[in-house]
Amino acid sequence: MEAGLEQLAEVEGTTALWLKKHRLVYTAATRHPFILSIRDGSIDLNSFKRWLGQDYLFVRAFVPFVSSVLLKAYHESDNNSDMEVFLSGLAALNDEIKWFKKEASKWGVVLSSIAPQKVNEDYCRFLESLMGPNVEYTVAITALWAIELVYQQSFAHCLEEASRTPPELAKTCQRWGNEGFGQYCRSLQKIADRRLLRATSEELKKAEATLLRVLEHEVEFWNMSQG
Ligand code: HMH
């Protein structure tokens with residue numbers, strides 16, 4: 001990294017700098033029309049149901065990805081507490097999968113008969129590409145942080161004072177928009193920033209490119225859900 005940027009990274013954090021640098025795609029991912037339609041109450045419930053079924057499949061692929069990050073932390077991390085952050089993430093995902101099943105039955109969505117759409121398959125394949133032992137811990141934690149951040153920022157937006165989120169979707173928004181999940185995202189960000197400060201320029205390049213790919217996949221996922 002250049003000298004000036006390096007100092008800025010220490011103060012602000014590399015991840016915050018990257019979000020500023022890539023704010024167009026970041027905003028596209030966190031203020032997507034699908035999310036805005038939840039927020040203003042105009043959401044088409046078929047879109048919501050499509051999102052619900054597809055996201056259940058995504059989360060099933062996301063669990064092994066988070067496990068792979070935990071495994072990397074066990075082998076590579078310079079900080080003991082990283083592993084505990086991922087373990088709490090996995091515990092939350094256990095709860096989340098149960099929630100998806102309950103929510104799906106409430107909406108009459110039959111999870112066992114849902115086929116992944118191509119956009120979802122592409123995203124899951126991308127996750128798989130990040131699971132291998134050849135992918136650095138720093139790159140993987142950057143991806144994990146970004147994936148969680150998009151949902152946290154998106155759904156928190158639907159819970160703000162001025163929002164008109166339909167009551168039957170409030171629980172969904174709280175799942176990712178609640179303060180505890182916000183705290184989890186900040187823990188992930190802190191780990192990512194700590195690692196990025198010590199990363200080689202090669203790793204930095206890979207991590208930044210991975211962040212961009214995540215944001216693009218997230219935009220595509222919302223597009224797919226909206227239909
Ligand atoms: C597509 N991105 C997608 N689904 C999720 N459940 C999350 C992020 C956050 O867990």
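The "binding site" annotation in the unreviewed UniProt entry covers Asp-55, Glu-96 and Glu-148; UniProt positions follow the numbering used here, feature names are shortened, and annotations may be inferred rather than shown by experiment. Although these residues are spread over 94 residues of sequence, they cluster in space, with a largest C-alpha distance of 13.1 Å. Asp-55, Glu-96 and Glu-148 also belong to the lining of the largest cavity (a set of points on a 1 Å grid over the protein atoms alone where a 1.4 Å probe fits but cannot get out, with lining residues having an atom within 4 Å of a point).

The model is predicted, so local features need pLDDT of at least 70 and side-chain atom pairs count only at pLDDT 80 or more, while totals for chains, interfaces and linings use all residues. Residues are numbered from 1 along each chain as its sequence is written, and side-chain values use heavy atoms, with hydrogens and water left out.

Burial (under 20% relative accessible area, 1.4 Å probe, protein chains only) and helix placement (DSSP runs of H or I, at least four residues, numbered from the N terminus) are tabulated here.

| Residue | Helix | Relative accessible area |
|---|---|---|
| Asp-55 | H5 (residues 45–76) | 2%, buried |
| Glu-148 | H8 (residues 137–157) | 7%, buried |
| Ser-47 | H5 | 4%, buried |

Leaving aside residues up to four places away in sequence, Asp-55 touches Phe-100, Tyr-151, Trp-176 and Phe-221, where contact means heavy atoms within 4.5 Å. With the same exclusion, Glu-148 touches Phe-62, Phe-181, Tyr-184, Cys-185 and Leu-188. The side chain of Ser-47 has a polar atom 3.1 Å from the backbone oxygen of Gln-226.

Methods: On a 1 Å grid over the protein atoms alone, a cavity is a set of points where a 1.4 Å probe fits but cannot get out, and a pocket is an open set with protein on both sides within 12 Å along at least five of seven lines; lining residues have an atom within 4 Å of a point. Buried means under 20% relative accessible area, exposed over 50%, partly exposed in between (1.4 Å probe, protein chains only). A polar contact is a pair of N or O atoms within 3.5 Å; within protein, one must be able to donate a hydrogen and the other to accept it, and residues adjacent in sequence count only if both atoms are side-chain atoms.
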